[in-house]
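Let's take a walk through the aromatic rings of this protein. Have the coordinates open as you read.

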Amino acid sequence: MTLIGNDAAREAFVAAAESTALHHAWLLTGPEGVGKGGFAREMALRLLATALDGRSRMRGEITDDHRVTQLMAAGAHPDYRALVRLPKDPDKPDQDIARSIKIDQVRTLQPMFATKPALSSRRVVVIDAIDDLERPGANALLKNLEEPPVGTIFLLVSHSPGRLLPTIRSRCRQLRFDPLRDGEVAQVLRNTSPEIDGAEIDALVAAADGSPGRALAYAGLSVAALDRDLATIAETGDADNRIRSRLAKALAGKTAQPRYAVFLDRAPALIAAAARTRTGSPLRDALDAYDKARALAAMAPALSLVAETTVFEMAGLVARLAPARGIA
């Protein structure tokens with residue numbers, strides 16, 4: 001499926017791929033969740049199909065029965081590798097993912113690099129994300145970037161390129177990805193999750209901040225209801241603590257962890273949005289509330305703060321936006 005958004009980045013890469021001098025290493029940079037990883041995998045498919053077919057497949061449809069499509073879907077293409085963080089327990093692939101991409105994963109590339117590509121003149125390596133590559137692995141990869149194996153294209157996804165080794169950045173051509181427009185985020189949601197109703201899509205788009213990945217992570221968590229409660233607290237101050245007490249209890253259980261994470265993200269965002277509409281003393285107060293909310297959101301997971309207490313305190317910061325508190 002062709003990804004939505006970032007047409008300029010796509011066109012720049014496709015034009016380079018259709019030229020006679022495609023750079024061997026590309027650093028795909030931009031906010032997390034805007035489609036860089038999906039783009040890398042799609043371009044890997046197109047590059048390998050182009051090499052196999054002997055004509056450009058960088059545009060248009062590549063069918064599911066194409067040989068490259070089938071091999072990549074089966075994880076069996078001899079000229080394609082994707083390095084990602086792996087589950088600590090192979091029997092639980094959706095749980096307890098490792099914090100980094102290990103040097104041993106980089107080392108698995110070396111036998112492939114010691115031979116020519118198997119099916120055509122090209123091979124592709126995707127690393128999603130290179131930010132997750134531990135330092136020894138980054139040093140090992142650097143040797144391959146400095147002396148690229150013949151026919152090899154590296155597609156390196158990075159959410160924080162400033163944290164990478166300067167020597168890695170210098171070996172790559174950078175391709176910048178921007179947040180998507182609201183309409184594009186909504187289209188991604190409709191394409192991937194057609195069961196979501198319009199009101200929830202609107203709430204997810206607002207929460208996404210241009211990141212379809214974030215919106216999809218929030219799908220099914222009733223973001224619209226959370227936003228309504230936060231908005232009510234901001235408007236009324238929730239003087240009797242009724243709403244914040246209900247939220248604190250509802251988000252405290254173990255099964256509520258995903259919604260609790262969303263709450264920690266949405267509350268500072270709501271305060272920031274309110275601050276943009278204010279001036280003078282109300283602006284200073286809103287910015288102070290935002291700084292405290294952002295710090296609390298960062299500390300809560302890191303220090304394993306009690307969820308119920310954290311939600312109550314965060315909602316109190318949102319309540320400071322209310323006119324009754326003398327801020328508006």
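In this predicted model, counting rings whose centres lie within 6.5 Å of each other gives 4 aromatic pairs. A good place to start is F13 with F39. Their ring centres are 5.9 Å apart and the planes meet at 80 degrees, so this pair is edge-to-face, since planes over 60 degrees apart fall in that class. Follow the chain and you will see that the contact joins distant parts of it: F13 belongs to helix α1 (residues 7-17) and F39 to helix α2 (residues 36-53), with their positions 26 residues apart.

How buried are these two rings? F13 has a relative accessible area of 0%, so it counts as buried. F39, with a value of 4%, is buried too, because the cut-off for that label is under 20%.

Now turn to F113 and F154. Here the ring centres are again 5.9 Å apart, while the planes stand at 65 degrees, which makes this pair edge-to-face as well. It also links distant parts of the chain, 41 residues apart: F113 sits in helix α5 (residues 110-113) and F154 in strand β4 (residues 152-158). Both partners are buried, F113 with a relative accessible area of 12% and F154 with 0%.

Back at F13 and F39, there is a wider picture to look at. Ring pairs join these two residues with W26 and F177 into a cluster.

One last stop brings in a charge. Which ring does the charged end of R244 sit over? It is the ring of F312, and the distance to the ring centre is 5.6 Å.

Methods
Residues are numbered from 1 along each chain as its sequence is written. This is a predicted model: local features need pLDDT of at least 70, side-chain atom pairs count only at pLDDT 80 or more; totals for chains, interfaces and linings use all residues. Side-chain values use heavy atoms; hydrogens and water are left out. Rings of Phe, Tyr and Trp (its six-membered ring) pair if their centres lie within 6.5 Å; planes under 30 degrees apart count as stacked, over 60 as edge-to-face and the rest as tilted. Helices (H or I, at least four residues) and strands (E, at least two) are DSSP runs, numbered from the N terminus. Buried means under 20% relative accessible area, exposed over 50%, partly exposed in between (1.4 Å probe, protein chains only). A charge sits over a ring if NZ of Lys or CZ of Arg is within 6 Å of the ring centre and within 35 degrees of the ring normal.
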